[in-house]
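Visitor: I've got this one open on my screen and I'd like a close look at one part rather than a quick tour. Could you start from a single residue and then follow the contacts outward?

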Amino acid sequence: MADILTIIAPVFLLIMLGYGLGRTRLFPEGSSAILIAFVWYIAIPALLFSSLAPRDLPQPSELVLVGAYYGSLLFLYGVAVVIARFVFRLTLAEQGIFALSACFANGGFVGIPIIEGAYGAEGVRLFLVLLSFHSLTLLPTTTIIIEHAKGRGDGPGILVRTFMSIRQNPIILALLTGLSWSALGLPYPLWLERLVGLPAASASPVGLFAAGLALSRVQISGDLMQAAVAMVLKLFVLPVIVFSVAHYWLMLADMWVGVATLMAALPSGMIAYSFAMQHGVGSRRAATTVLISTGGSAVTLSVVLLTLRAFGYSD
């Protein structure tokens, strides 16, 4: 248990530090946005590129891991839409935001240090491969739902708007660049390794602190029951589904099962809230989901790590 706390505690203590300082005058309004932009556009792409470019291309068999995770994720997305429609009687656009909040993980900020602590550099590489498909699947799906709700779901316009939602995603660009570099066998000299390594090393600490700063501006306000259900889907139901598919059905390698299950157990990401704000739909609910799931994940991630260890999927 002590070694699991050494993985979990620093992550949430750094988030708490950012949260606490974010409520002071030391970091004024807008500080978190600057740090998040650095992590999202510079640090995480650098980390992904450095994990792919100097290595051999990922094995085609790793697509099975991607399929296992995203098959489970899209199934839960559908379940969340059904709950939002028939239990909470939300509008179509709100159903999409509710499902996005229940599925989109805070991978870039909370996930990287957790995975690194549990599975090391190779675990982070697998995690980043999984993470690169996150925006590629969930954001277009939610965009299509919202566009249909606005009556703009037909014709080429929806394709353009869907493409616009992912075309500038830095994770996807870093993935394609790293894979191309590896495929072409381009040199990866020491100077480039150090250049990319500096921002890559800052991804976890700056990302966690920035996440805390951002959460300090979020307040629990209304729709608490709906946000709580989204949190349960994200922190409890999704990890169970992913683990069951990867472990019992596909019998994947130990590290693959562990990385996928931990990713499934991560709290809801701020992108769900930003996406809701951008479209003017369900932003209060999304913000509450992000806040309470981040707090709750301190416990649930510890439980998941203990469970993985019991099944022999963690050292």
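**Starting from Gly-18**

Guide: Once we set aside residues up to four places away in sequence, Gly-18 touches Phe-209, Gly-212 and Leu-213. Bear in mind as we go that this is a predicted model. Gly-18 sits in helix H1, which covers residues 2–22. How buried or exposed is Gly-18? Its relative accessibility is 0%, so Gly-18 counts as buried. There's also a long jump along the chain here: Gly-18 and Leu-215 are 197 residues apart in sequence, yet their C-alpha atoms are separated by 8.5 Å.

Stay with helix H1 and go to Asp-3. Asp-3 makes a salt bridge with Arg-309, and the closest N and O atoms are 2.7 Å apart. That pair links distant parts of the chain, with Asp-3 in helix H1 and Arg-309 in helix H13 (residues 283–310), 306 residues apart. Neither end is hidden away: Asp-3 counts as partly exposed at 36% relative accessibility, and Arg-309 counts as partly exposed at 29%.

Next comes the loop after helix H1. Glu-29 forms a salt bridge with Arg-217, with 3.7 Å between the closest N and O atoms. Why does this pair tie together parts that are 188 residues apart in sequence? Because Glu-29 lies in the loop between H1 and H2, while Arg-217 lies in the loop between H9 and H10. Glu-29 is exposed, with a relative accessible area of 64%, whereas Arg-217 counts as partly exposed at 40%.

Those two salt bridges belong to a total of 5 in the structure. Another of them joins Glu-122 and Arg-55, whose side chains meet at 3.4 Å, N to O. Here again distant parts are linked: Glu-122 is in helix H5 (residues 107–132) and Arg-55 is in the loop between H2 and H3, 67 residues apart. Through shared partners, salt bridges join Arg-55, Glu-62, Glu-122 and Arg-125 into one network. Of the four, Glu-122 counts as partly exposed at 28% relative accessibility, and Arg-55 is partly exposed with a relative accessible area of 35%.

Asp-56 is in that loop between H2 and H3 too. With a relative accessible area of 70%, Asp-56 is exposed. Its C-alpha is 8.6 Å from that of Gly-185, although the two residues are 129 apart in sequence.

Now for helix H2 itself, which runs over residues 31–52. Two spots on this helix are worth a look. One is Ile-42, which is found in H2 and makes a nonpolar surface patch of about 290 Å² together with Phe-38 and Tyr-41. At 42% relative accessibility, Ile-42 counts as partly exposed.

The other spot is Phe-49. The model has 8 aromatic pairs, and one of them is Phe-49 with Tyr-188, a tilted pair with 6.2 Å between ring centres and 50 degrees between the planes. Phe-49 lies in helix H2 and Tyr-188 in the loop between helix H8 (170–184) and helix H9 (190–215), so the pair ties together parts that are 139 residues apart in sequence. Phe-49 is buried, with a relative accessible area of 11%, and Tyr-188 counts as buried at 17%. Add Trp-181 and you have one aromatic cluster of Phe-49, Trp-181 and Tyr-188.

One last stop, and it's an odd one: Lys-234, in helix H10. Which side chain of opposite charge is nearest to Lys-234? That's Glu-116, 19 Å away, and Lys-234 is buried yet has no salt bridge. What does Lys-234 contact, leaving aside neighbours within four places in sequence? The list includes Ala-102, Cys-103, Phe-104 and Ala-105, along with Pro-239 and a run from Met-263 to Ser-268.

If you follow helix H10 to its end, you come to the loop between helix H10 (224–249) and helix H11 (254–264), where Met-251 is found. Met-251 has a positive phi of about 50 degrees although it is not a glycine, and it is exposed, with a relative accessible area of 64%.

Conventions. Residues are numbered from 1 along each chain as its sequence is written. This is a predicted model: local features need pLDDT of at least 70, side-chain atom pairs count only at pLDDT 80 or more; totals for chains, interfaces and linings use all residues. Side-chain values use heavy atoms; hydrogens and water are left out. Patches are made of residues with over 30% relative accessible area and no salt bridge: like charges are joined within 9 Å, nonpolar side chains (Val, Leu, Ile, Met, Phe, Trp, Tyr) within 5 Å. Accessible areas come from the Shrake-Rupley method with a 1.4 Å probe; for residues, only the protein chains shown count as cover. A salt bridge is a side-chain nitrogen of Lys or Arg within 4 Å of a carboxyl oxygen of Asp or Glu. Helices (H or I, at least four residues) and strands (E, at least two) are DSSP runs, numbered from the N terminus. Buried means under 20% relative accessible area, exposed over 50%, partly exposed in between (1.4 Å probe, protein chains only). Lys and Arg count as positive and Asp and Glu as negative; His and the chain ends are not counted. Contact means heavy atoms within 4.5 Å. Rings of Phe, Tyr and Trp (its six-membered ring) pair if their centres lie within 6.5 Å; planes under 30 degrees apart count as stacked, over 60 as edge-to-face and the rest as tilted.
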